[in-house]
Amino acid sequence: ATEGAYPPFNFVNEQGQVVGFDIDIAQELCRRLEKECEIITVPWKELLPGLNAGKYDVVIASMSKTPEREQQVEFTDSYYRTRNVFIGRPQKGISNITPETARGKVLATQDGTVQSEYLNRHYQGVATLKLTDTFIKAFAMLASGEAEVVFADNLTAFEFLRSDAGQGFDIIGEPIGTINPASESAYLQVRKGDVRLRDSINAALRSLWLDGTHHK
């Protein structure tokens, strides 16, 4: 299962196909594990509950690790890293987004993510926080003027910035330091206790790294 709303990692293209880096990795892992796999899309907040309910076997949706999630499922080794950044229109005199410079502004991000946890912890009561179902919706709010800043990972931000809607926007300031020790890395998830599948995926991931397929 994947989310299907997180370009360039997982999204639905114009032909209605689920594509992206997560999908490429998933298909290659299935090939190496000699398994026939079906990839489905599931809303972000339903991914882990659906996994635990037995609706699917693996989640590959660029999910980072948190203590709460670790209590629910098994995490594989990480398969990529990213950084968290603020995206908005460059403004004179504002070189970085801080609780001081964001006072009174509207900040958007996807609900139920490490980014939303960060904003709730540091910007609650300072700025107006808009938490959306997907990052696509958060960037749509930015493009329409409903939000002034979006907090997201840099690779997803680059996808928006190079789109037509992203023209005139940019990364504001330096990437945010580590939100938590595992928040800059993405992992796959399997059901709690399914260490056999987790270890098989980890072995396949290592082979992906070692033979250059991951880089390709």
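**Exercise 1. Count the helices and strands in the protein chain.**

Solution. Apply the run rule: helices are DSSP runs of H or I with at least four residues, strands are runs of E with at least two, and both are numbered from the N terminus. The protein chain then has 7 helices and 11 strands. This is a predicted model: local features need pLDDT of at least 70, side-chain atom pairs count only at pLDDT 80 or more, and totals for chains, interfaces and linings use all residues. Residues are numbered from 1 along each chain as its sequence is written, and side-chain values use heavy atoms, without hydrogens and water.

**Exercise 2. Test the protein chain against the rule for a compact globule.**

Solution. Take the radius of gyration over C-alpha atoms; the rule is 2.2 Å times the number of residues to the power 0.38. For 216 residues, the rule gives a value near 17 Å. The protein chain has 18 Å, so the two agree. Along the principal axes, the C-alpha atoms fill a box of roughly 55 × 35 × 30 Å.

**Exercise 3. Find what share of the residues is buried, and what share of the contacts joins residues at least 24 apart.**

Solution. Start with burial (buried is under 20% relative accessible area, exposed over 50%, partly exposed in between; 1.4 Å probe, protein chains only). Of the 216 residues, 48% are buried. Next take contacts (heavy atoms within 4.5 Å). Keep those between residues at least 6 apart in sequence: 68% of them join residues at least 24 apart.

**Exercise 4. Describe the disulfide and the exposure of its two cysteines.**

Solution. A disulfide is a covalent bond between the sulfur atoms of two cysteines. Search for cysteine sulfur pairs within 2.5 Å. The structure holds 1 disulfide. Cys30 and Cys37 form it, with sulfur atoms 2.0 Å apart. The angle about the S-S bond is -105 degrees, and the link is left-handed. Now check each end. Cys30 has a relative accessible area of 14%, so Cys30 is buried. Cys37 is at 43%, so Cys37 counts as partly exposed.

**Exercise 5. Place Pro90 and list its contacts beyond four places in sequence.**

Solution. Locate the residue: Pro90 lies in the loop between strand S6 (84-88) and strand S7 (106-110). Its relative accessible area is 57%, so Pro90 is exposed. Set aside neighbours within four places in sequence; Pro90 is then in contact with Gly168 and Asp170. Finally, compare sequence and space for one pair. Pro90 and Gly168 are 78 residues apart in sequence, and their C-alpha atoms are 8.1 Å apart.
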